[in-house]
Amino acid sequence: MTQRADQTRPGDGPARAYDGPGASSAVRGINPRITAQISYSIDSTIPGEWHLRIIRSAIPAGRVTGFQTALLDDDVIFLTADDVSDLNTFGCQIADQVVLTREPKFVGDAIAAVVAPTARDARVAASLVEVDYEAVPSVFGEMDAIAPGAQLVHAKHYTSESDSAYFDMRPQDGTNVCHRFRIRTPALQGRDEPEVVPHLDDPDDALADAFADADVIVDEVFHTPAAAHVPMEPHATNAQWVDGRLEVTTGTQTPFNMRQDLAHIFGLAAEDVRVVVPFMGGAFGAKTFIRTEAITALAARKAGRPVRCVLDRDEVFNEVTRHPSTVRIKLGAKRDGTFVAKRIWAYVNTGAYADCGPGVAQKMGYAGVGPYRFDHVAVDSYCIYTNLPPGGAFRGYGAMQSIWAAERVVDMMADKLGIDAVELRRQNLLHEGDTFCTGEVMHDARFEELLDDAAAAVGWEKDGDRRGKGVVVILKGMQTPSKAEARIELLPDGRYEVQAATADIGQGAGEMLTRLAAEYLKVEVDQVVVCAPDTDRVPYDTRTTSSRSTHMMSRALADAARDLQVHGTIGHGYVSNDGGLDPDTGQGIASSHWHQGSASAELEVDDETGIISLSTLYACSYAGKVINKHGAELQNEGSMILGLGTALFEELQYTEGQMTNPNLSDYNIASALDVASIRHRVMEVPGGEVHGLGETAVPPVPPAIGNAVATFGYDVRDLPMTPERVLAARLGDTFQSPTGEDPQ
Amino acid sequence: MNLTLNVNGRAVDVDAEPHDMLVDVLRDQVGLTGPRVTCGVGLCGTCTVLLDGEPVSGCILMAPLAQGKEITTIEGLPEDDEVVASFDRNHAFQCGYCIPGMVLTARDMIDKGHACSREEIREGLGGNLCRCGCYLKIIEAVEEAAQ
Amino acid sequence: MTWHLPTSVDDVVRTRAERPEAPIVAGGTFLGILVRQGLVEADEWISLQRVTELTRMHSAGDLSVGAMVTHRRLELDDTVRTIWPGVAAAFKAVASPRVRNRATMGGVLADADYASDPPSMLVASNAVAEIASVRGTRRVPVEDLIIGHYSTSMEEDELITRVVVPRPTGAAVYRKLRTRSQEDRPASSVAAVVHGETVRVVVGAVSDRPYHFADVCSQWRPGDLDSAREIGEEYASRIDYIDDNRGSAAYRRHVVGVEVRRALMAVAR
């Protein structure tokens, strides 16, 4: 199929007209994304709409005591928390948010809004509103917020009815911990333990016997900062009310969660909310769950007309971030290298609202265990409120933070044992049929091939000189449980329309769906069109996140194609992956299939400036069977490039809770100048199942680089590994070189 | 202020003040969606337009500065442009938001002979950011188009 | 609003003298950011886009660069690249081709942006700015022009018309240290230019303005590593450093010593 599609090359014939979102792809004609012949969310408008500007809190915690609005023009509509009294609270896993708040919990929290005829009018109006506050004490660091007696960000804990809460919450009363997740392998269950471990030097007496057989123990702490998604297209939403029905056109990865959440907020039946998703100019997790949609819908209701909201770049930065984290890992091994036990404490800073932080805590918990066998595993992950902007879904989330720590610790163990770091990994890898710490049995395990491939890419020789080289191997999970539906309809003109909620973020969903449907229907790709995700037209899908879409939709579409052959004009397909983990023991099914990957790096460090020069950065991700070769390569390359920025320079900075670098001058992302060293592989296996790989190569990149840097004596614990941190890791904060010799 | 701009080969009358940036005038008054605002400080290149054939940042170009110049956006490239075709052949895009700016920048590099090596291509494209991370394929596409 | 389009320098300075509040628009790359963000507002603007005399460049003898000559032109000009390679390198190091296509010689000096690449090289090269007003013309060494954070010694009604860079008699090196993306602005910017037996070392992007210490440079023994190290350490100790996303004050202080030493060893090769 792939070959047949490739024969339809642009340039072979005249470019075809583009006929609707999703309808075209690289499979026919010049792709309209190249020539701007498609509409993104930001290009979508509703005639007659007014413009919304959000007024945001200037303090990290406290109360709004009043607004001065005397300077506003008469026609400007002004909204405050008074306008949300009939609305329900929301939040995808914990309903801890209101559409406009009286009690802001971070700098940037939405406290009011103005609606005016033009975007410029709205901007001017927003600048004319003055706000009076009463501040209360605030807390920003995850370890400060979990400390006994810390200021509480929320006075009480909430729950959520949303289907995004796919596991039971374990809020800890009287603390900022809104969810605690634990893994305890069988022998460690049922102990008398403290509910919350707030100290990084806790002796862990209750589980100390897990390490009884260990000859060597490495016990270290690592940190990752907040980071920004930086979708090139900002959040853009248009909303209107038509005969009591809410219609929202918005860039979202979660159309059905959005419909459910909006219905809940406004007290509507789900069918009375329509969510239409145009193309998105990138999302990376930033466009998940309620962002600008509820406030825009509220404004449209009050204005009695369509309303549009487009965020400024600094607002995009503050809207949602990647969770900062502190991770402590204790690894025990026998002298021969056999791993005995692993203990993880993961502290996830979810900011002012939980969003999907509880899920992140869970993923951090098991991804940090890694693809290794242990007699005993115990994990405690805490999702902790602070007064920073909320953390949310982020390409590779959870896994990245704990794998940074876990894979650095494996190298530290290798050093301590005097065993080659690749061999130590090999000796302990999970193989087909082995049991993971969650009790699930590994299937389609490819870790050894991945490890060997990454090692070979940097010329790793067993027990050879490894200066400047680092190799890692990882696993990460996919959203589980999860379900997907798809429909295929035979159109009057003889073409087939795929109706599916998978949003085209830019990852090539349209092409993926087109190719899959054509394959299952045994027709040319020209005969398949894909309709835009529109909750009025497409069936339910959990969401476009966690690299789940290709894996889930391939099976739903196959089911739909079979059904179509039976029923003639419309075929329905449905798949569900059961599973989930017990929040207190971590036993169950963490992931219906595993994302498996490896990475390696070869580099030099300038020992006077701390600057890292990469000669090779390599990643290998297991794809099983590839649907779209170019798309798979692009996803793998993109993940590595994000991983590179994460490793070397991406970091949101705050002063008293105020983000100080919410722009692309002060917050750098990787450019074409940074990628010269990158090579990679998407690993296919004959007869393999379809695996997602939208983010597999993000988490292994930072520790691959970190392990290589550490070989020169720079033991960097905090990401990103800026030249300054590298140098300070050996020389201390004053950077006094012991030699002062010029290396040149 | 009334300005006449030459956009993609035709004269367009617009009403723009010095505080209006060219990209907004092109989007709001000329109806073009190829130039896009991302960073708003001239760093990322999604707002790239050609001014007399040279790429500039439309998001920080005060509209009157474009008077008397030929403005070219992605919409103004010929249908059979070889850079566009090469981006398509090489699948050098994901979300596509940055791609018009990439194509226009590459067009100028190739026209002026500044795309002779991968090193030179990386340097020329350094100021055009792509968060999807399509750089490797974009560099290949430009290299191929330059040949 | 009024967009003035004078066509000669005389025209510009007269227009400006009558409207001291009207911003002068050259390439507009820095001003455009400020205007977009609402930080600069005005009813009248004076654009240099039609002042053709400001776009002249001569390189017979010294290099004379009109205020409206773009960074891109300096970067690509064959004569500049051959005879003033340090100048070409410093202008090439600025941002992207998009910015360099617009940004001008006059603009980069008038803005006095601490983190721009060219100022340190222009100071090291003994460049002199020619400044015009209704009162006439005066010449100011670039070293005395940039006096602080985004601040110059120019009077409100003055206009930079051209910059003269003497023909070099020795090697020139520009070292840009980036601590994040390779696309980033400098965390430190060191220019070293040899003039006969002496050297001018200038350090930018680490403080409010470029710094040059003639008394320290006078101690230079060409090619001597100890001398280069001593000068680096002396430079490092004399500057009051900024602390930002590109590096802490302590880190900058450390790398300035290293970068100055490396620049001095490079110009002596």
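A salt bridge is a side-chain nitrogen of Lys or Arg within 4 Å of a carboxyl oxygen of Asp or Glu. Keep that handy for this predicted model, where local features need pLDDT of at least 70 and side-chain atom pairs count only at pLDDT 80 or more, while totals for chains, interfaces and linings use all residues. Residues are numbered from 1 along each chain as its sequence is written, chains are lettered from A in the order in which they are written, and side-chain values use heavy atoms, without hydrogens and water.

**Stop one: chains C and B.** Select both. Between them there are 2 salt bridges. For one of them, pick C:K92 and B:E123: their side chains meet at 3.0 Å, N to O.

**Stop two: the whole contact.** Now show the residues in contact (heavy atoms within 4.5 Å). You should get 27 from chain C and 33 from chain B. About 2,400 Å² is buried between the two chains; buried area is the accessible area (1.4 Å probe) that two parts lose on being put together, summed over both. Next, color C:W3, C:R36 and C:R98, which supply 33% of the area chain C buries against chain B, more than any other three residues.

**Stop three: the cysteines.** How many disulfides does a search of the whole structure find? It finds 0 over all chains, with a disulfide being a pair of cysteine sulfur atoms within 2.5 Å. Select A:C309 and A:C92: the sulfur of A:C309 has its closest cysteine sulfur in A:C92, 19 Å away, so that is too far for a bond. A:C309 is also buried (under 20% relative accessible area, 1.4 Å probe, protein chains only), at 1%. Finish at B:C116, which is exposed (over 50%), at 64%.
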